[in-house]
Amino acid sequence: MKSDRALPVAIVGGGFSGTMVAAQLARKGIESVLIDGSGREGQGVAYSTQEPAHVLNVRAEVMSAWADDLEHFVRAAESEGDTRRDFVQRQQFGRYLRTILNEAVEARLVQVARHQAISAEPSASGWSVRLDDGERVDASALVLALGNQPPEPLPFGQHSARVINNPWGGEALAAVEDLASSHEDVLLVGTGLTMVDAVLSLDAAGHRGRIVGLSRRGLIPRGHSNDMVPAPVEADEVPHGHVGTLWRWLRKRGAQVGWRAAVDSLRPHAHRLWQAFPLEEQRRFSRHARPWWDVHRHRIAPEVAQRLHDMIAEGRLEIVAGRIESVEEEQHGLTVTCRRRSRTAVEERSFAYMINCTGPLGTISRTRDPMLKGMLADGLAKPDALGIALDVDERSRIAGARLAWAMGPMTKGRYWEIIAVPDIRGQAAEVAEDIAMELVR
Ligand SMILES: Cc1cc2nc3c(=O)[nH]c(=O)nc-3n(C[C@H](O)[C@H](O)[C@H](O)COP(=O)(O)OP(=O)(O)OC[C@H]3O[C@@H](n4cnc5c(N)ncnc54)[C@H](O)[C@@H]3O)c2cc1C
């Protein structure tokens with residue numbers, strides 16, 4: 001992995017974040033090694049799905065990977081017969097990203113290491129990253145682009161093959177196939193975007209049993225509208241610093257221009273709004289407002305929203321607000337006892353499987369990633385004040401570390417809205433620029 005020229009930048013994580021930092025560095029003639037052991041390099045979790053029913057949550061026109069060429073993806077989509085207004089398949093966006101990565105690899109500016117990184121430590125030349133095959137990558141700088149950490153395992157059925165904790169893994173795919181032939185009932189724990197994917201996969205596979213989605217509040221992502229009229233606002237029209245005041249503003253604005261336009265009008269100001277909240281307000285937002293914000297802000301394609309609506313109307317999908325009290329494994333399935341939010345009585349139901357769709361891990365110090373765990377234990381990185389991601393400065397540099405940056409969801413404590421492509425592509429350009437500046441010093 002060593003080069004006889006300047007050492008490459010080590011980028012750990014080959015999803016959208018890592019791929020775009022590598023591509024941005026390649027444009028500047030800076031070499032990198034993109035480390036990802038999942039087999040999804042160039043695509044990451046979101047865009048490696050092969051399920052045609054999994055479509056983008058936004059229209060093609062906002063999905064360019066390049067901050068300085070906003071029509072880039074539209075051109076790629078049009079060349080495949082789609083239009084800028086389409087919600088194209090996520091696998092199509094995955095192919096687009098792979099093409100960007102392949103171009104940088106062919107130019108010999110990016111090398112892909114198909115391995116998990118198991119440790120990273122500072123060295124005389126920058127950073128030394130150890131891989132799970134025992135190899136080491138000696139690097140001039142380090143970028144952590146590990147994405148969201150997988151959810152905490154469900155506190156039930158820890159040794160049961162019917163309780164599936166990784167909704168993106170092979171076990172989940174096998175469960176979907178099994179359910180599609182048995183048509184038995186399934187419990188999806190969590191009712192956000194991961195649940196939506198699971199419902200679409202089950203539906204597309206031909207499952208006709210009952211699907212129950214359960215979460216504390218039972219909120220599900222809302223759909224985009226085909227006739228929303230944008231209503232942009234200037235930053236100084238929006239109240240800063242207090243969650244309650246912002247909420248009241250949002251309600252009032254929503255009544256005037258529609259809630260979708262009101263929510264979207266905050267997007268360009270999201271980083272500033274978030275950073276203007278004192279820590280206690282950030283905590284308040286995360287605790288109380290976040291579930292509401294997530295379902296209104298991170299919307300789904302209108303066709304997908306309609307499909308969910310139809311499945312609910314047909315009685316095939318039931319959304320429950322409540323909590324699980326206990327899970328018993330029986331010979332042919334699981335008996336789940338749950339308590340609905342509004343009721344005191346508990347109810348017992350049987351399911352063939354239970355799939356963890358609770359979304360990303362909320363407390364970074366509970367990560368199970370050996371490299372991240374080690375870096376946190378050794379003080380090479382620390383959690384942000386909310387404990388949800390890494391502490392980074394205004395240039396996404398990892399606090400207290402030299403020549404180390406973090407990307408995407410790993411920086412959500414600082415930026416909050418740093419999950420979607422339009423946010424991450426800008427950050428990738430800025431981080432690459434900052435790395436270039438540091439390396440030529
Ligand atoms: C289901 C889903 C649908 C989405 N749809 C949209 C959409 O339509 N539009 C939009 O704008 N955004 C969407 N998003 C959000 C967004 O695009 C992604 O969250 C974003 O791609 C994050 O990319 P990432 O590279 O930071 O993380 P990831 O995609 O999670 O990639 C991180 C990679 O790092 C690897 N990794 C982790 N630890 C290590 C290690 N120690 N060593 C080596 N490799 C490691 C992982 O295996 C993974 O491949 C969606 C997200 C999801 C989950």
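These legends accompany close-up views of a predicted model.

**View 1. An open sheet of five strands with parallel pairing.** The strand order is 3-2-1-7-15. Strand 3 (110-113) and strand 15 (404-406) stand at the edges. Each has a single partner strand, so one side of each edge strand lacks a neighbour in the sheet. Neighbouring strands are turned against each other by 20° on average, direction ignored.

**View 2. The pairing of strand 2 with strand 3, and the helix across them.** Strand 2 covers residues 32-35. Strand 2 and strand 3 run in the parallel sense and are joined by four bridges. Leu34 has Val112 of strand 3 as its bridge partner. Strand 3 is also an edge of the five-stranded sheet. Helix 4 (residues 90-106) lies across both strand 2 and strand 3. The angle between helix 4 and strand 3 is about 110°.

**View 3. The hairpin of strand 5 and strand 6.** Strand 5 spans residues 126-131, and strand 6 spans residues 136-139. Their pairing is antiparallel, over four bridges. Arg130 stands opposite Arg136, a residue of strand 6. Four residues lie between the strands of this hairpin. Gly134 takes a positive phi there, near 90°.

**View 4. The second largest pocket and its lining.** The pocket holds about 630 Å³ of space. Its lining has 22 residues. Closest to the pocket centre are Val58, Val62, Met228, Asp264 and Arg267. Two elements give two or more residues each to the lining: helix 9 (270-276) and helix 14 (421-439). By residue class, the lining divides into 10 charged, seven nonpolar and five polar.

**View 5. The salt bridge of Arg85 and Glu61.** The two side chains meet at 2.7 Å, N to O. Arg85 sits in the loop between helix 3 (72-79) and helix 4. Glu61 sits in the loop between helix 2 (44-47) and helix 3. The partners are 24 residues apart, and the pair links distant parts of the chain. With salt bridges counted within 4 Å, from a side-chain nitrogen of Lys or Arg to a carboxyl oxygen of Asp or Glu, the model has 32. The pair of Arg85 and Glu61 is a salt bridge of this kind.

Note on methods: Residues numbered from 1 in each chain as written. Predicted model: local features only at pLDDT ≥ 70, side-chain atom pairs only at ≥ 80, totals over all residues. Heavy atoms only, no water. Pairing = 2+ DSSP bridges. Axes fitted to C-alpha atoms, helices over the stretch in contact; angles between N-to-C directions. Contact = heavy atoms within 4.5 Å. 1 Å grid on protein atoms, 1.4 Å probe; cavity = no way out; pocket = protein on both sides within 12 Å on 5 of 7 lines; lining within 4 Å. Points joined across faces, edges and corners; volume = space filled by probe spheres on them. Nonpolar A, V, L, I, M, F, W, Y, C, P; charged D, E, K, R; others polar.
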